[in-house]
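Biologist: Could you take one spot in this model and walk me through it closely? I'd like the surroundings too, in one go.

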Amino acid sequence: MQEKEDILVKVEGLTLGFPVRKEKNTVIDGISFSLKQGEILGLVGESGSGKTMTALAIAGLLPEAAKVFEGKIIFSSKNLFNLKQQELRQLKGREISMIFQEPMTSLNPVMTIGFQIEEMLLLHERGLSPEKRKTKIYAALEEAGLKDVKELYYKYPHQLSGGMRQRVMIAMAMICKPRLLIADEPTTALDVTIQAQILKLLKKLQKEHNTAILLISHDLGVIRHICSRALVMKNGKIEEQGLVEEIFFSPRTSYTKELIEAVPVIDKEMGGINVSSVSLKNSNSEKVILSVKDLEVRYEEKAKGFLKEKSYKQVVNRVSLHLLEGESLGIVGESGSGKTTLAKAVLGLIDNWKGDIKLVEKSPRMVFQDPYQSLNPSKKVGWILEEPLKLSGSGYRKEERQNKVDNILTRIGLNVSYKDRYLSQLSGGQRQRIAIGVALIQNSKFIVLDEPVSALDVTVQAQILNLLKELREEYKLSYLFISHDLKVIHKMCDRVCVMYQGEIVEEASVSELFTEPSHEYSKKLLEAVL
Amino acid sequence: MNIRKDQKQLSRILGAVLVGLVAAFVIIGIFYTPYDPNEMNSALKNAAPTFSHPFGTDNFGRDILSRVMTGAKTTFFVAITTIIIGGGIGTFIGALTGYYGGLLDEVLMRINDGLTSFPSILLALIFVSVVGAGKYNVILALGIIFVPSFARVIRSEFIQYKEMDFVKNAKLMGAGDFRIMFVHILPNTRPILLSSLTIGFNNAVLAEAGMSYLQLGVQPPDASLGRMLSEAQSFLFNAPWYALAPGFMIVVTVLGFSLINES
């Protein structure tokens, strides 16, 4: 009897989809699970698994086009699908609350912070006087870890950082002390160090208010960090559910195993030495192929008012580094650290820099972060791969070009028939493979990779990283590998530079950095790795 | 959601049918008209529609059907060349200003604004009164007037696309500016470009009709839909078919293209 009362949410046989004429387009296929009071339940899955839809279904936020074919969602003994609009609205915000992934778009940009949070109180706690409301709002903001709440009250979202906005969202979600908080990828868009703080905050709130949390993430580390139980979803079905420790140490289904294995693990005992980098070190030449000395990049900030004084923002501040032939150098840093700007400067993509850059490779290539923006959407794959050959002016004839395109397609793991496809028909992972193909097709030896796998699902990430590793060995390439993800850096790089606010605060071999970091910031980064 | 999709299909089909009819009219008219459009027949002045003259005859006894066919041909010709000139130059300017920005952008956009601030018909009239009336002058005038709207649309597309990673990659690989603008970026603007061309075509048809109506476009004895409308004015009550035929053509054409455009 006690157990039954403990259950806050019960999902039974939920099946829903986006029907278009005769096609059902099922997105969630008969899932059942329950969430207890005060429990933190993790929902893990890759894109297309149905996890976000599940969250939206419970929160009552399904898009119009979605139709629930079967199933119930029972929240404190009421089936949510049977409730009328009025009753549902009373639940939303007061008993069930949600926070979203993108802190940029989840707050109304034209309303002050205070005003937005006040909405919650105006809707659900009508009897309060304006002063009492303000006090409550201040308290909620402080509880969410924000400072100077009295001034914050009047600020607008664009004046706050991503982490702060997320805290505001959490304050807003928690102010009515809901029994269930749904968090949809709450930390994915945030820097690693901020991520750790937000998760800590969620755990604190759960403890203090006995709030149940449904935490959705594609990041296994996040789930493992604060959830007690978890569900693994794939293609709309639940692959596995159980205690987090069980899932991670003895996964039962092959998909779960695949997910877990795909996450790079930092094996501190081995000192972070991975086999391929050892073999490469032996065959390393001492030839320096990239040398950067005292690089400075600054952007002019718009002059405020009529004063002729121009203010500058120093994006890269006297950075020096070097890269040896065949080496993979990692640049790790959070957003705003200047790592992408550094890469662009090295490649000659920006004009206003000072300092000294020497690059041996005449045609360096780059693989960009967003596979949806880095390739021309109006062209076929064959054209995209052929274009660099046409541009290189090496006088390849059409036949030779076609041959090269076919070869590279096979090498990156795609069928030659892909030549005739358009990008819109391909997945993120496939697009990134093509981006890699573009970078390699001209036999360039130096490749800059700017967060090449950050936008991909975990299992796809692993495939792409393995491909990159193979290609590096086979063609003796040198990589400048930029990432915010230490686990990826650990897997792919020999040496690493840690960047913080435009400066390199530490430079070390991967094994050194992961076992004995010297700079404060490096230590902080390592601690935040889940 | 299903209904909307079907509606779109319907619009597209209806529009295509209408345009198809008009196009057939024009194409046939190039090779064959029932009568010589300029042949006068005083015996049959202002005759009502009959079997031998399905649209009736005008005040000179000319067969209206034939005149409408050649008129439509003229109007189409004017409209198409107008959007080719306006669209071509406009796209080029839009590409340059969008891609390069800076001083070039400022200067060209101000000229653009200047052109737009005049009511277009007024500008056309002024132009034509200076260089003289006639089919080709109308085309020139309208072509120039249509440049700003194309330029603006293409420019905003280019501004959006030039920051994208694939453009940066193209630069990295050594593509020249013009290649990037016209081989890499422009194909991405195809949907918007087609849409603008369709709207431009409609406006050109209407503008030509307007100009010819005011006796400034196509000169007699050539036919054009607008001319016919102006000539038909005085006979609106005794011989309404004179006005109805060209008017109907214009409406059908514009409607057809608009429907296709929206879907």
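Modeller: Sure, let's start at A:Pro388, which sits in helix α14 (residues 381–391) of chain A; helices here are DSSP runs of H or I with at least four residues, strands are E runs of at least two, and both are numbered from the N terminus. Bear in mind that this is a predicted model, where local features need pLDDT of at least 70, side-chain atom pairs count only at pLDDT 80 or more, and totals for chains, interfaces and linings use all residues. Residues are numbered from 1 along each chain as its sequence is written, while chains are lettered from A and ligands numbered from 1 in the order in which they are written.

A:Pro388 has 25 other C-beta atoms within 10 Å, so it is buried (20 or more is buried, 12 or fewer exposed, in between partly exposed, with C-beta atoms placed from the backbone). Leaving out neighbours within four places in sequence, A:Pro388 is in contact with A:Val438, A:Ile441, A:Gln442 and B:Met173; contact means C-beta atoms, placed from the backbone, within 7 Å. A:Leu440 lies 52 residues away along the chain, and its C-alpha atom is 9.7 Å from that of A:Pro388.

B:Met173 takes us across to the other chain. In total, 18 residues of chain A are in contact with 16 residues of chain B. On the chain A side, α14 and β15 (365–367) each supply at least two of the residues. That side divides into 10 nonpolar, 5 polar and 3 charged residues (Ala, Val, Leu, Ile, Met, Phe, Trp, Tyr, Cys and Pro are nonpolar, Asp, Glu, Lys and Arg charged, the others, Gly among them, polar).

Now back to A:Leu440, which belongs to α16(A) and is part of its meeting with α17(A). Helix α16 (residues 428–440) and helix α17 (residues 458–475) of chain A have axes that come within 10 Å and cross at roughly 15°; axes are lines fitted to C-alpha atoms, for helices over the stretch in contact, and angles run from 0 to 180 degrees between N-to-C directions. The two are therefore roughly parallel (under 35 degrees; over 145 is roughly antiparallel, 65 to 115 roughly perpendicular, the rest oblique). Besides A:Leu440, α16(A) brings residues including A:Gln432, A:Arg433 and A:Ile436, and α17(A) answers with A:Ile464, A:Leu467 and A:Leu471, among others. By class, this contact has 7 nonpolar, 4 polar and 1 charged residues.

Methods
Contact = placed C-beta atoms within 7 Å.
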